[in-house]
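Okay, thanks everyone, I'll keep this short. Have a look at the screen and then I'll walk you through a few spots.

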Amino acid sequence: MLQDAPRRWLPEPEVKQLLADVGVRVPAGRLARDAAEVASAAAALEAPLVLKAVVPGLVHKSEAGAVRVGLADARAAGLAAAQMAEALAARGLRAEAFLVEEQAAPGVEVLVGVAERPPVGRCVVVGLGGVQAEVLADASLRPWPVDAEDVLAMWDELRGSRLLAEFRGRPAVDRSALVEATLAIAGEKGLVAKLGARVAELECNPIVASERGAVAVDARLALYADEPPAAPPRRIADFTPLFEPRSIAVVGASATGRSGFGNLFLRNYRAYGFAGELWAIHPSAKEIEGVPAFPSLGETPEPVDYALVAVPAERAAEVLRSARGRVRFAQVMSGGFGETGEAGRSLERELASAAQEAGLRLLGPNCMGVWCARGRQTFLGGAPERSGGVSVISQSGSLAGDILKHGDRMGIGFASLTTIGNSVDVGAGELLRWLVDDPHTSAIGLYLEDPRDGAELVAALRAARGRKPVVLLVGGISRQGGRAAASHTGALAGDALVWRGIAAGTGAVLASGLEDLLGALRFLERHASRDVPASPGVLAIGAGGGANVLAADACDRAGLEVTPFAPALERELRERFRLGAGTSLANPIEVPVGPLADPQLAPAVVRAALGSVALPDVLLHANAQSFFSFADDGETPLLRLVEAVGALARELPATRVTLVLRNAACAPDGVAARVRAAADTAGLLCYDSLDAAASAIAAGKRWSAAHASRARQK
Ligand code: ADP
Ligand code: MG
């Protein structure tokens, strides 16, 4: 792996010169061979001075006593050098040289670093820095290289970003100097780009930022001993035969038993109405499950578009080799490969080379299959009949079934779902690129664990930005850090930071769990093609009391803004709708929403409010519990409300209306399902909780922003 490849650290003075060459400010300094030379070299510099020992291989100089700051003059610097040499010698270290430099004026210590971050490739980290960088753990990340928009957002994202503004009498730091320094290091034309693929890592920690500019007072650069080989040219298969195969062969069905996966798949294809050629592969049988059987993939009557391979891991490579160029896509379901350890990894390598030999594209191993209603392609029994615009790529086979069936229940129409498991050949990045151009796909979901083609995936996400909405769910993200890293940059780049940064840098949505993924995809499937302004505002409305307070909290958590209306508008609404002084009409809006209320009231208030304040989203919440606590028949008024809100949603061209049915479990059996079905018919999205709705709305806003930014750049 690249991150383990041998590397060479350049001496600090050399790195500082490289930085100066691209316009990053560094302290004026001189290199001296020994203590005596330090004093004379320092004479040309302006005190106070800083002295550092140049010790090859020493990573954190200050920990070894190899940094002295606040030296009053050249003589003090000379003395300090003599002491430092002695102290280092006591630790068995030898200073190769000394760097004496001017001390930067006080400011905020920040860091900027660029490092290879497996599996996603080069990343840029900025954060609060200095020797306490890891303790503060206040950093933000983007895939490399960054542009000015990225950099501004990165500094703003820090928890401590207020330290960069005017703070307790100290003037604000020169933000544009900081942005320029960041770009000079990590931008498209920055130092890392200039040095190319041999850069393993570049870190400036700290950069001292003040009102007078940004000075890189420490800098480390590691180059790979051998320049890494250029990435192989990107290839994108035409995946049409995978989703709409004309011929399918199933390998691994039993001629005697009926319970194996292979047999199940054959039955599922027939039940789902697959109309192309369906074959079984079996050494001796002539027919399995009523399907004609042939001895190998190379002996079917016609070439095979899609081969589903369900045989033990040790036999999979041999099965692929037998295809002899007559199979386009093969999916190896079987587990027991790289996920199990070294023996499995060796089987996996063998499988990959067998696929190459056979001239086929391989999905998996360790996955489930493909689903696509257009091609009657399925791996599930009882697969959805509904189809729509959502395409999903899943590294997990078992979650894929959850996504498809649960999503279908929620009302999502899927265009395709592909499980890629260990993805030794076809990876998430390649598929994503194809789906971005797929006319059947309007929104894309990804479930990832350890993408093998991380760098390609990031490139594909960048290519998707603003073109099609992408929602990422990354499993295992909570195991923070865990990677031994010599640099601050590496230590800070834990999984959560990496994926948040990739999402932010590519405009993708990062989902927190399966429900959240599906909630976001549903919202995007419905609304992505609508022209809705990209602004954070939401109108929240529902029956008064605690739920409205919680609605505002849920919006806040999701990064949405529920901004109170101007008093004049509030007064106008109150008078017009004759609402009592006890209710708030300021956003969040409190209006009667219940079994005894006029179902047209809330929609009418929304209409009136939006006449004065343009807001791209409305979150309207109803409480199923109250509909059945304060009326004998709660269902009729609930359905009337859904109808009225649906009509509102349909008439607003640039506003998305989202309904929340709280406490659905408090309604008698069957009611919630009927309400959801009615909402669906009315063209209204209905969520079960305030948080679920707020999160989906936030996903919609992120897409609107990415789309608008792409339109601006064009
Ligand atoms: P280390 O290898 O331990 O990171 P640094 O060169 O970053 O060593 O020095 C340690 C600390 O000393 C810095 O975080 C900074 O606070 C201070 N420092 C070093 N050089 C300068 C300088 N030229 N001007 C001001 N402060 C400096
Ligand atoms: Mg440092």
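So, start at the ligand: in this predicted model, an N or O atom in the side chain of aspartate 218 sits 2.9 Å from an oxygen atom of ligand 1. Glutamate 109 does something like that too, with a side-chain N or O atom 2.4 Å from a ligand 1 oxygen. And then there's lysine 52, where a polar side-chain atom is 2.7 Å from an oxygen atom of the ligand.

How much of ligand 1 does the protein cover? On its own the ligand has 540 Å² of accessible area, and 89% of that is covered by the protein.

Who's doing the surrounding? There are 18 residues around ligand 1, and the closest are Lys52, Lys61, Ser62, Glu101 and Glu109. If you sort that shell by class, you get 8 nonpolar, 4 polar and 6 charged residues. Four strands each put at least two residues into the shell: S3 at 49-54, S4 at 67-71, S5 at 97-102 and S9 at 199-210.

Now stay by S3 for a second, and look at the loop that runs between helix H2, residues 35-42, and that strand: proline 48 is in there. The bond joining alanine 47 to proline 48 is a cis peptide, omega about 0°. There's another cis bond further along, from asparagine 587 to proline 588, again with omega near 0°. That proline, 588, falls in the loop between helix H19, 567-577, and strand S26, 589-590.

While we're on backbone oddities, check glutamate 289. Its phi is positive, near 50°, and this isn't a glycine. You'll find glutamate 289 in the loop between strands S14, 287-288, and S15, 291-294. For context, most non-glycine residues have a negative phi, and most peptide bonds are trans.

Last stop, a helix pair. At what angle do H18 and H24 pack? About 35°, with the axes 8 Å apart; H18 covers residues 546-557 and H24 covers 690-713. The crossing of H18 and H24 is right-handed. On the H18 side the contact uses Ala547, Leu550, Ala551, Ala554, Cys555 and Arg557, and on the H24 side Leu690, Asp691 and Ala694. By class, that H18 and H24 contact comes out as 7 nonpolar residues, 2 charged and no polar ones.

That's my tour, happy to go back to any of it.

Conventions:
Residues numbered from 1 in each chain as written. Chains lettered and ligands numbered in written order. Predicted model: local features only at pLDDT ≥ 70, side-chain atom pairs only at ≥ 80, totals over all residues. Heavy atoms only, no water. Axes fitted to C-alpha atoms, helices over the stretch in contact; angles between N-to-C directions. Left-handed = near helix turned anticlockwise from the far one by under 90°. Contact = heavy atoms within 4.5 Å. Nonpolar A, V, L, I, M, F, W, Y, C, P; charged D, E, K, R; others polar. Near = heavy atom within 4 Å. Polar contact = N/O pair within 3.5 Å; in protein donor to acceptor, adjacent residues only side chain to side chain. Areas by Shrake-Rupley, 256 points an atom, 1.4 Å probe, with all protein chains shown as cover.
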